[in-house]
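Student: Could you go through this structure with me, one piece at a time?
Tutor: Gladly; have a look at it here before we begin.

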Amino acid sequence: MSERAFWVGTYTGEAGRGAGIYRVARRADGTLEGPELVTEAVCPSYLAAHPSGNVLYAVREEDRGGVVAYEVAASGLRETGTRPAGALPCHLSLTPDAGHLLVADYGSGTVRAVRLDRDGGFAGEPAVAEGHGGGPRTDRQEGPHAHASVHAPDGTVLTTDLGADLIRSFRIEDGALRLVGETHVPAGHGPRHLVLHPGGYVHVLAELVTSVMVLRPVDGYARLELVAESPATADPAGEAAQGAAIRLGAGGRYAYTSMRGTDVVTAHRVLDGGAALEPIADVPSGGHWPRDLYVDGAWMHVANERSDTIATFRIGPDGVPAPAGEPLRVPSPVCVLPAGPAA
């Protein structure tokens, strides 16, 4: 039940050693094989897939950014459409009805929603919401920096703004992004990635401090309240640490974070139905500068950008991941995404 293929987004050109989007395969014993370059592309650092499995989306993370749609075929990927994005788009997510693709533009601080047709193709021009504000870290928070999005059960789109220390709440109405609320997090934290726990709580990983914040909805998801904060690592991380990604596992009983600088993945026990987290173990990431991680049942895959490796882990019954085989060499990996259902 564990054999599976994955897409890998990479950094290219001056940003990295990748050449585009790759495909790797996981064998039954957990080890990865490949990589196969399936299409050349410019900095396709973050990927998202249409629920049909027939369309793959990628950002073009550069100063004049864009989003690209690919048809998934047996022979590989075929580009079918592009849309403009702001500067340095870094994250994609789809609304639950697959009607819109959300794009976070880190460089310009904008969030955009691209309408999709029934087959997953681009339909019309993106709706754009401008960012605003800044924070006390003048080297990183000189202005807004949108970073990620998730979709709440009431239809609200929640986005992080690392530059302005904000969680911004939007609704998509008549093709436009309407701001319905903003939640401030502690100054200088730099909220980066977030997940929605099945218990309704929002778990937010900070980048500028080693912290995971837990927020609960107050007015639907238009307004949130900070209810808990805990370290993002089990052991003290030091000033070099920069949080990267957060994922849930085991139906929400555990959370996992990746930390650049210290090069660890941390397992967190989720408490009280999602209301709090407790870090329980730091595990070496299997390389240098871990970015995205993907939790797939008992397996975890970690993209170590600067060591050109993807490491695979087997998650134990205690929630702690252990290395499974040798890391696979892949140039400048950033994002790991399933290419289809598990076999």
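Tutor: One term is needed at the outset: a contact means that heavy atoms lie within 4.5 Å. Please also keep in mind that this is a predicted model.

Student: OK, so which residues is Leu 92 in contact with, leaving aside its neighbours within four places in sequence?
Tutor: With those neighbours set aside, Leu 92 is in contact with Tyr 46, Leu 47, Ala 48, Tyr 57, Ala 58, Val 59, Val 67, Leu 101, Leu 102 and Val 103.

Student: And which residues have the most contacts inside the largest nonpolar core?
Tutor: That core has 28 residues, and Leu 92 is listed among those with the most contacts inside it, together with Trp 7, Ile 21, Leu 47, Tyr 57, Leu 101 and Phe 122.

Student: Which strands each supply at least two residues of this core?
Tutor: They are E4 (47-49), E5 (55-60), E6 (66-73), E8 (89-94), E9 (100-105) and E29 (333-338). The largest share, 5 residues, comes from E5.

Student: What lies apart from it?
Tutor: Another core, of 15 residues, lies apart from it, and its members include Val 195, Val 264, Val 270 and Leu 277.

Student: Switching to sheets, what's the order of the open one with 4 strands?
Tutor: The order is E20-E21-E22-E23, and the pairing is antiparallel. Strand E20 (242-249) and strand E23 (276-284) are at the edges with a single partner strand each, so one side of each has no neighbour in the sheet. From one strand to the next, the twist averages 25°.

Student: How many bridges are there between E21 and E22?
Tutor: Strand E21 (residues 254-260) pairs with strand E22 (residues 264-271) over 6 bridges, in the antiparallel sense. As one example, Thr 257 has Thr 266 in E22 as its bridge partner.

Methods. Residues numbered from 1 in each chain as written. Predicted model: local features only at pLDDT ≥ 70, side-chain atom pairs only at ≥ 80, totals over all residues. Heavy atoms only, no water. Pairing = 2+ DSSP bridges. Axes fitted to C-alpha atoms, helices over the stretch in contact; angles between N-to-C directions. Core = buried A, V, L, I, M, F, W, Y, C linked by side-chain atoms within 4.5 Å. Buried < 20%, exposed > 50% of the residue type's maximum accessible area, 1.4 Å probe, protein only.
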